[in-house]
Amino acid sequence: MDTALSGIWRHAVVTGGAGFVGSHLCTALLHHGTAVTCVDDFSTGAPENIAHLRDRPGFTLVEADVADRLDAGRDDVDLVLHFASPASPADYLRLPLHTLETGSLGTRNALALARAHDARFLLASTSEVYGDPQQHPQNETYWGNVNPVGPRSVYDEAKRFGEALTTAEAGSHGTDTGIVRLFNTYGPRMRGHDGRAVPTFIRQALAGEPLTVTGDGRQTRSLCFVDDTVRGILAAAASDLRGPVNLGNPTEITMLELAHTVIELAGSSSTVTFIERPTDDPAVRCPDITLARGKLQWEPRVGHRDGLRRTIDWFRKRLDG
Ligand code: NAD
């Protein structure tokens with residue numbers, strides 16, 4: 001953990017704090033001596049993600065839909081991390097209107113909270129704003145290639161609207177805002193059935209089932225271990241960087257390579273099977289992290305094999321438990 005972050009915030013509100021990334025953020029903030037109010041409606045998160053925090057001094061849980069209202073219930077808030085949103089395709093396809101409302105009304109409410117407290121605000125955006133990119137790797141000046149009425153649009157466009165709203169808020173009210181564009185992140189506390197490749201492959205490998213690779217498996221993703229992502233988010237929060245900044249691991253891996261690596265690291269006898277590729281599934285995804293390296297002195301430290309091993313261990317312990 002970065003000791004430079006100790007004590008720099010008194011109180012952070014983390015929306016979506018009971019989710020995969022949010023729960024790691026809450027844990028890291030408490031570790032740095034920041035009190036945390038986690039606001040979550042448990043639409044895709046889970047109480048067990050924050051069970052280890054419930055009795056920690058400084059941790060408060062507020063169960064609420066951020067699209068309805070957002071009230072920290074105290075006046076010492078100096079950081080708002082807006083991470084509430086379904087994130088896996090399976091979730092946002094199941095919750096299309098909720099996803100749009102969380103990205104629009106929820107972002108508006110989170111920005112209003114930050115403005116009212118004169119707090120730093122950080123929006124969790126996504127590499128999905130680049131859609132199926134025609135520029136590779138993607139840097140922050142690329143505008144993206146998004147189908148506005150395709151099935152994924154509820155997520156992609158919600159995030160693009162959230163970025164526009166955040167930018168307008170800073171321009172209109174002088175609110176101290178930042179935007180992080182997260183690329184695929186993986187690690188402990190992902191749900192085995194959330195539809196994303198890493199937990200799906202690990203669940204299948206541990207069960208000895210065939211790993212379901214979509215298409216021909218040649219599509220690539222860049223996978224960042226959650227500890228690296230959280231370190232980057234907190235570095236962005238501690239900075240005065242306003243514009244979007246990519247946070248991701250620039251080492252690209254094909255889905256077929258990923259499947260074989262998971263089988264090997266899990267010591268599994270599973271095979272690979274090919275299934276249909278979802279509509280508008282991007283062919284490539286790789287962050288240009290020049291900006292994060294230069295402005296935040298951030299880059300990932302955990303390699304794929306190490307991160308996957310740690311994630312497989314966590315899934316295995318859960319299954320054993
Ligand atoms: P997640 O589904 O595990 O967590 C999202 C959390 O937000 C859940 O706890 C859910 O219950 C909560 N939530 C959703 N809508 C809400 C609402 N209206 N009110 C209150 N709580 C609500 O997803 P995640 O992977 O942890 O993603 C967290 C954030 O990071 C999201 O904003 C996502 O778009 C962004 N992100 C994640 C990734 C990734 O690879 N994990 C990549 C890019 C961006």
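**Exercise 1.** Which residues come nearest to the ligand, of the 31 residues around the ligand?

*Solution.* The structure is a predicted model, and the place to begin is the list of neighbours. Of the 31 residues around the ligand, those that come nearest are Asp40, Thr44, Asp65, Tyr155 and Lys159. Sorting the residues of this shell by kind gives 14 nonpolar, 12 polar and 5 charged.

**Exercise 2.** Find polar atoms of the protein that lie within 3.5 Å of a nitrogen or oxygen atom of the ligand, and then state how far the protein covers the ligand.

*Solution.* Begin with Lys159, which places a polar side-chain atom 2.8 Å from an oxygen atom of the ligand. Turn next to His98, where a polar side-chain atom is 2.9 Å from a nitrogen atom of the ligand. At Gly45 the partner is a polar backbone atom, 2.9 Å from an oxygen atom of the ligand. As for cover, the ligand taken alone exposes 810 Å², and the protein buries 98% of that.

**Exercise 3.** Which elements give two or more residues to the shell around the ligand?

*Solution.* These elements are helix H1 (20–31), helix H3 (96–117), strand S5 (120–126) and helix H4 (153–173). The one that gives the most is S5, with 3 residues.

**Exercise 4.** Describe helix H5, from its buried residues to what follows the helix.

*Solution.* In H5, which spans residues 197–207, the buried residues are Val198, Pro199, Thr200, Phe201, Ile202, Gln204 and Ala205. Their cover includes strand S7 (185–186) and strand S8 (211–214), together with helix H7 (255–266) and helix H9 (304–320). After H5 comes Gly208, which has a positive phi, near 75 degrees.

Definitions and conventions
Residues are numbered from 1 along each chain as its sequence is written. This is a predicted model: local features need pLDDT of at least 70, side-chain atom pairs count only at pLDDT 80 or more; totals for chains, interfaces and linings use all residues. Side-chain values use heavy atoms; hydrogens and water are left out. A residue is near a molecule or strand if one of its heavy atoms lies within 4 Å of it. A polar contact is a pair of N or O atoms within 3.5 Å; within protein, one must be able to donate a hydrogen and the other to accept it, and residues adjacent in sequence count only if both atoms are side-chain atoms. Accessible areas come from the Shrake-Rupley method with a 1.4 Å probe; for residues, only the protein chains shown count as cover. Helices (H or I, at least four residues) and strands (E, at least two) are DSSP runs, numbered from the N terminus. Ala, Val, Leu, Ile, Met, Phe, Trp, Tyr, Cys and Pro count as nonpolar, Asp, Glu, Lys and Arg as charged, and the others, Gly among them, as polar. Buried means under 20% relative accessible area, exposed over 50%, partly exposed in between (1.4 Å probe, protein chains only). Contact means heavy atoms within 4.5 Å.
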